[in-house]
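Visitor: Please show me the model, and then take my questions one at a time.

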Amino acid sequence: MRFGRRALREARRLLRGTVKSGYTRWRRSIQVRIVTSTLFISAIVVAILGMFLMQQMSSALMDGKVKAARLQLDDGLAQVQRDLGNSTGDGSRLNSTIERLKARSGPSGLYEVHIRDTTEQYFDGYTTNELRPESVPRRLRKELKNAPAGSRAYTYGELSYIDDRPSERGLIVGGKTGQFELYYLFRLVEEQRTLTNVGRSLAGVGIVLVLLLAAIASLVTRQVVIPVRLAAQGAQRLAAGRLEERMRVRGEDDLARLARSFNDMAANLQEKIGELEDLSQVQRQFVSDVSHELRTPLTTIRIAADMLYENRDTFDDPAVGRSAELLQSQLERFESLLADLLEISRHDAGAATLDVESLDMRDLVLRVVGDIQGLAERKGSKVVLQLPGEPCMAEVDRRRVERILRNLLVNAVEHGEGEDIVVSVAADRDAVAVAVRDHGVGLKAGEGQMVFDRFWRADPARARTTGGTGLGLSISREDAQLHGGWLQAWGEPGAGSQFRLSLPRVAGAELRGSPLPLVPPGAGDARPLFAELEAGE
Amino acid sequence: MTAVGRNGTLCFLAVAGLVLGGCATVPSGGQVVTGKPAERSERVDDPYVRLIPVNPRPEWGPAQIVSGFLAASASFDDDHKVAKLYLGARTGWNPGLRPSVTVLASRITEPQVVRATATHATVKVTGQEIGTITSDGQYTASPRALDTSFQLAKTSQGTWRITGLPGDDKTGLLLSKDDVERAMRTVNLFFFAPDHQTLVPNGIFLPVVNRRTLPTQLAQALLDGPTSWLNGAVHTAFPTGTRLRRGVHIDKDTATVDLTKEARAGNVEQMSAQLGWTMRQLSEIKRWRLQIEGKPVAPDGLEYTQPVHAWDANSPDGQVPKGEHHPNAYVVSPSGFIGTLEGDRAQPRVIGAAGRLSRPAVAPDNQELAGLSAEADQVFVAAPLTGSPPPRLLLTAQKDARFTAPTWSRDGTLWVVESKKDESWLWLRPRGRPPVRAAHWGLGGREVRAFRIARDGVRAAVIAHIDGRPQVQIGRIAYAPGGTLDVGSFLPVSSELQDAVDLAWRDYSTLAVLGRAQRDSQTLPFLMPISGSAITSLGVGSLGEPRTIAAAPGAPILIGTRSSGKDQVCRQRAPSNSYSPWICPTPAKDPDYPG
């Protein structure tokens, strides 16, 4: 019972699977759809046509048979009229008449005959061979009985026999002349056989026709669908960036035109994209060149400025000394801006390379925090470390990761409003992560992504003179991506923000998840207002 | 490219249209298709007609019940089911498949109620009886007036029913001649002549219940043995007690006859010959198989399934020569010799005194010749059949007596009848022995004009004066238990001729008779079937005054005539066509085929 139920379930599952896959195929493939509908519609049409043909043939056959039968009956009635006239026929004359009429009866003959004299009360006429008189239906007898003399009638019925032969369908025609009723009974075995044969042939031809139509539909749609599929594949490849992809052009038909238009489009696209690439290349090159070219005069300016700065106390006018200090600080800022520009142009040019070594992330974090400790104290912030007990080894580029961490910490200190800064490190099998949490003003909705834009500032009113270059987070993100890692930000106005760096343990491996949550636990409501996911997207 | 494609499509459509159009019409030409002629010459399984009886009506009186019963008893459907409805509950009457029949000249129309009470009645019927058919199928003519009566009683439902049938016979039917002709068929059963080689047909009346049971009825009738007429004259190869295990089964054109175990004692070849000859009368049977106790048996030299036309060696006509090689007829030439007829010319064979005999008859082995003197009062024999053998006197007639033309049977016995106005004697002379008179001669008190032994040696056809006019009759030759010869049981063949001059056996079932039909004024040749069917006239044209006739299986019928004082032998221009005109090219007389 249980087994049966399981089998039933299994079968139902299988059926559902088949239906589902069929439906999927039906939805996915024009060819399947067209062939199925052709099969269905042509089967209906052929069936209707076949039935109509059979009907026609059957009625034509029967019409011919009835016509012939009535002629035979007329012949027989004339014979009866001649032999018996209107006289009261005694049995022997009726007997001799049917003796003459029987000649063409019998199993090998055309028909059976039944004749009766309505005035004879002691017997019900004669029939030929084995025919039973019940073969003449009562309705026909009644019809003839009430009909005027000389009328004829016919109907269809079953011919039965006195031997063990099965009864057969037949056509029964009857006529009346004087007091005599004459019935001719025709077997319809041959007609039935003809109709059966024709019906079988029609069915066979119909099936072949339907299959042929389906095959034709399949062939025709194939001719249309294959180029369409090729075009779809080409478009897919084009979308994937293979701009050199083209379609084969064959012949001069509509599909060839489609292919040619597609190819034209692809060529245009390729050209335009090439132009754009060239243009951005030129721009990057220009930035790089400008940065390099600025370095040389800057070095000279730097030397002069250093000298001025060292001797600032010697100036009489304190305002000049103050200017030398300002020059010094702005020069440093200019230098770092230039360095950042160079770095970012290297990234843009794809010239940035990784110089990986296996390092414990805790060491890196400790060192950077040590560097930043002074700044934090000045701002009144305390840096709280949450480090795991065991080492968090990862293959990383020391310089770049240190730069990222420093960037994040400096940002946190600057925007931390003197509150505590929490730095946590975590690791799992595939990845390590560092999160930097501050409790400053936080980020507004949408700013989590914008923070990584070049030269973006949280407060546009803030002077350009203060703060970083505006490129730090962009470069950090480029560095993280160079490792195959993510750099993501979360923030809420008034609740502070958190930046999370996730890196794969092995350089270049794909990152699937982060050991640390992006949204710090206990911050705001459980559902973050916004959460930026993979930075790569 | 496109233009070519379009033209191609048009061509294809045109061809397809032509082909389809050709298919859809009735052919108007083509080769000639030939087929075999349908072999439906036998009468046995021709279409037949059945009478449809009606059930007795409750309001019918005694006379109507008797009329209805007499009509219904002509229907053999469902074992006389309807006729039995006319009978009272305790009236046992079961005609079965082989009833005994009283044949009446016409239907009884006016039964008379001679005595009637409230519950009982006696109904008298009168009619003209012309003969009876016994339950073994033998017809015997017995013209007399019929006067018999039925007893009826009223049942508790108030309807009249027959309680007493005429006579003691519980199976008898009273049928009119028409009823018999419609409901019964004459078929031949075949039994062996005393030589155990030649088959003898035995015609019987068999009711046609339906065509499917006809083979079974036929085989059953054969196993039941010969009718009383041939009893003692023929042998059957089936051992006593042999029956059919089941009905004769027919599959396509092959019949299977399954006999009970008694048949193991019988001679398979002879049983096969009898069954084969009997069943070949049914056109649907082409081959058949003999089984004993369900196991097939094969006669020597044949397969288990044998064709019905095997066993030609046992033909009642003896060995029928194939094709055109029938024996040459002998004629008496006016030039004083007896010769064979080759083409239309007589070639001399016997000359001298023997060559001047009249009505010469040649023995079947062509060794001996018998003939009459010119006045037909002496019988001579002569041998051999060449040169001028001396005629030996065999018999001399009494005063006023004449001899019929001598006739030979197959074993070389010479038969001749000596006949006076109202007396006759049969003489026979076995080869090498003196002539003797037959001990029992059925026509001893009648004048006999012609006497011919059939080729089976068992039957004899005669023209005898009965009731003042010559009648063709058939008798049989039997041997009484003491070994004495019994030639008798003569039965009339046909009553359609009012005069007959001479006859000859055409084949085992047909006589060629010179006679005068009821309405004719001229003596003409007729073919007369032994079964009693209608006679057919032969040929057209004038024949002068025909005197003798000669016939043999497969040979043209020859007639000796005398016209304007000259003897001529006439034949049909095309013997295969029975309407072919008569021509008389040979100046000779008394033609006869040997045997």
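The questions and answers below go through helices, the chain contact, cores and sheets.

Visitor: What kind of model is this, and how are residues, chains and ligands labelled?
Guide: This is a predicted model, in which local features need pLDDT of at least 70, side-chain atom pairs count only at pLDDT 80 or more, and totals for chains, interfaces and linings use all residues. Residues are numbered from 1 along each chain as its sequence is written, while chains are lettered from A and ligands numbered from 1 in the order in which they are written.

Visitor: How many helices and strands are there in chain A?
Guide: Helices (H or I, at least four residues) and strands (E, at least two) are DSSP runs, numbered from the N terminus. Chain A has 11 helices and 12 strands.

Visitor: How far apart are the end C-alpha atoms of helix H6 of chain A, and why is that expected?
Guide: The expected span is 1.5 Å times one less than the number of residues. H6(A) covers residues 254-310, so its 57 residues should span 84 Å; this agrees with the distance between the end C-alpha atoms, 81 Å.

Visitor: Where does H6(A) have a kink?
Guide: The bend at a residue is the angle between axes fitted to the seven residues ending there and the seven starting there. In H6(A) the kink is about 30 degrees and comes shortly before the proline Pro297(A), at Thr296(A).

Visitor: Which helices do the buried residues of H6(A) pack against?
Guide: A residue is buried if 20 or more other C-beta atoms lie within 10 Å of its own, exposed if 12 or fewer, and partly exposed in between, with C-beta atoms placed from the backbone. By that count H6(A) is hardly covered, with 4 buried among its 57 residues: Ala259(A), Phe262(A), Ala266(A) and Ser291(A). These buried residues pack against H5 (189-239) and H7 (318-349) of chain A.

Visitor: Which element gives the most to the side of chain A that touches chain B?
Guide: Two residues are in contact if their C-beta atoms, placed from the backbone, lie within 7 Å. On that basis 22 residues of chain A are in contact with 21 residues of chain B. Helix H3 (91-101) and strand E2 (123-128) of chain A each supply at least two residues of the chain A side. With 6 residues, the element that gives the most is E2(A).

Visitor: Which residue of strand E1 of chain B stands opposite Thr128(A)?
Guide: Two strands pair if DSSP finds at least two bridges between them. E2(A) and E1(B) (residues 49-53) run antiparallel and are joined by 4 bridges. Opposite Thr128(A) stands Val49(B).

Visitor: Which helix gives the most to the largest nonpolar core?
Guide: A nonpolar core is a set of buried Ala, Val, Leu, Ile, Met, Phe, Trp, Tyr and Cys residues joined through C-beta atoms within 7 Å. The largest has 187 residues, and those with the most contacts inside it include Tyr184(A) and Ile549(B). The helix that gives the most to this core, with 7 residues, is H2(B) (residues 62-72).

Visitor: How many of the 11 residues of H2(B) are buried?
Guide: Pro62(B), Ile65(B) and Phe69(B) are among the buried residues of this helix. H2(B) is mostly covered, and the buried count is 10.

Visitor: Which residue is the bridge partner of Ile463(B) in strand E30 of chain B?
Guide: An open sheet of 5 strands has the order E27-E31-E30-E29-E28 (chain B), with mixed pairing. Within it, E29(B) (residues 459-466) and E30(B) (residues 469-479) pair in the antiparallel sense over 8 bridges. The partner of Ile463(B) is Val472(B).
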